[in-house]
Amino acid sequence: MRVLVVEDEPRLAGLLARGLREAGHTADVRHTGGEGLLAATGGDYDAVVLDGMLPGLDGLTVCRTLRDRGVRIPVIMLTARAAVPDRIDGLDAGADDYLPKPFSFDELLARLRALHRRAADRAGTALQTGDLRLDPAARRVSRGGTEIELSAREFDVLALLMSRAGQCVTRYQILDEVWDGETDLRSNVIDVYIASLRAKVDKPFARRAITTLRGAGYRLEPDGG
Ligand code: CA
């Protein structure tokens, strides 16, 4: 994911950029509201991490201006002030999410992924892996033209695996993105869902698309198995 970080505090901006890159994303940094607005309007970003308190244009103004210009890029606002009225201001200004400082970097990453996925869902871009096809807008899955009935959670797990086909998706990432971390890692809920997905997506078609990576997570084979 390509992320624009707009943060005037050099240390935090540097930490965010480094953390994002280490997590496999691309990160560009701008230090003022004006520069941030310019970059977000002109650049090809998947998300903006926008500090609320910035020199020049503040974060709220940057966000409102983006929306006024019809730029729908997902925005997550950071602010030192966690008071409810400020949060409402941020959401009114068109921010998609809100994270009070100090925050954990893992939480920021999780929120960014959730925003990115919701944006992709809205865009309704169908995912295709081999002959496996998933249409987020219609919430339909098919293999080689044969419709597959999935529950909502099974659908979300498969969408996540398909969006990263060929890569390892950890159990933590699945819990984080599909269950919003509401269930704990010791539970076998993921094994249950992976087993039922295999029974629906692989077995009837004599495929083995979903691979278990022992101690690491799962991978959907890029050719669809
Ligand atoms: Ca600031």
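**Sheets, helix packing and a calcium site**

Me: How many residues separate E11 and E12 in their hairpin, and which residue in the turn has a positive phi?
Reply: In this predicted model, the hairpin of E11 and E12 has 3 residues between the two strands. Gly215, which lies in the turn, has a positive phi of about 75°.

Me: What makes E11 and E12 a pair of strands?
Reply: Two strands pair if at least two bridges are found between them. Strand E11 (residues 210–213) is joined to E12 by 4 bridges, so the pair satisfies the cut-off of at least two. The two strands run antiparallel. Among the bridge partners, Thr211 is matched with Arg219 of E12, and Thr212 with Tyr218 of E12.

Me: How do you know that E10 and E12 are paired as well?
Reply: Between strand E10 (residues 169–170) and strand E12 (residues 217–220) there are 2 bridges. The cut-off is at least two, so E10 and E12 count as paired. They run antiparallel, and Thr170 stands opposite Gly217 of E12.

Me: Why are E10 and E11 said to stand at the edges?
Reply: The order in this open sheet of 3 strands is E10-E12-E11, with antiparallel pairing. E10 and E11 each have a single partner strand, so one side of each is left without a neighbour in the sheet.

Me: Which helices pack on these strands, and at what angles?
Reply: H6 lies across E10, E11 and E12 and runs at about 70° to E12. H8 touches E11 and E12, and its direction makes about 150° with that of E11.

Me: What makes E6 and E9 the edges of the other open sheet?
Reply: That sheet has 4 strands in the order E6-E7-E8-E9, paired antiparallel. Strand E6 (127–129) and strand E9 (146–148) have a single partner strand each, so each is left with one side lacking a neighbour in the sheet. From one strand to the next, the twist averages 20°.

Me: How do you know that E6 and E7 pair?
Reply: E6 is joined to strand E7 (residues 132–135) by 3 bridges, so the cut-off of at least two is met. The strands run antiparallel, and Gln128 has Arg133 of E7 as its bridge partner. Helix H6 (residues 152–163) packs on this sheet, where it touches E6, E7 and strand E8 (140–143). The direction of H6 makes about 115° with that of E7.

Me: Why are H6 and H8 described as roughly perpendicular?
Reply: Their axes cross at roughly 85° and come within 10 Å. Angles of 65 to 115 degrees count as roughly perpendicular, and H6 and H8 are therefore given that description. H6 contributes Arg153, Glu154, Val157, Leu158 and Leu161 to the contact, while H8 contributes Tyr193, Ile194, Ser196, Leu197, Lys200 and Val201. By class, these residues are 7 nonpolar, 1 polar and 3 charged.

Me: How do you know that H7 and H8 belong in the same angular class?
Reply: Helix H7 (residues 171–178) and helix H8 (residues 189–202) pack at about 90°, with their axes 10 Å apart. The range is 65 to 115 degrees, and H7 and H8 are therefore roughly perpendicular to each other. Arg171, Ile174 and Leu175 of H7 meet Val189, Ile190 and Asp191 of H8. This contact of H7 with H8 has 4 nonpolar, no polar and 2 charged residues.

Me: Which residues coordinate the calcium ion, and at what distances?
Reply: The calcium ion is coordinated by Asp8 (OD), Asp51 (OD) and Met53 (O), at 2.1 to 2.3 Å. The cut-off for a donor to Ca is 3.2 Å, so these three qualify. In sequence, the donor residues are spaced D-x42-D-x1-M.

Me: Why is Asp51 called buried?
Reply: Its relative accessible area is 3%. Buried means under 20%, so Asp51 is classed as buried.

Me: What makes Asp97 a buried residue?
Reply: Asp97, in strand E5 (residues 97–100), has a relative accessible area of 16%. The limit is under 20%, so Asp97 is buried. Leaving aside residues up to four places away in sequence, Asp97 touches Val75, Ile76, Met77, Leu91, Arg111 and Leu115.

Me: Which residues of H2 are buried, and what covers them?
Reply: In helix H2 (residues 33–42), the buried residues are Gly33, Gly36, Leu37, Ala39 and Ala40. Their cover includes strand E1 (2–6), strand E2 (26–30), strand E3 (47–51) and helix H3 (59–68).

Definitions and conventions:
Residues numbered from 1 in each chain as written. Predicted model: local features only at pLDDT ≥ 70, side-chain atom pairs only at ≥ 80, totals over all residues. Heavy atoms only, no water. Axes fitted to C-alpha atoms, helices over the stretch in contact; angles between N-to-C directions. Contact = heavy atoms within 4.5 Å. Parallel < 35°, antiparallel > 145°, perpendicular 65-115°, else oblique. Nonpolar A, V, L, I, M, F, W, Y, C, P; charged D, E, K, R; others polar. Donors = N, O, S within 2.8 Å, 3.2 Å for Na, K, Ca; no water. Buried < 20%, exposed > 50% of the residue type's maximum accessible area, 1.4 Å probe, protein only.
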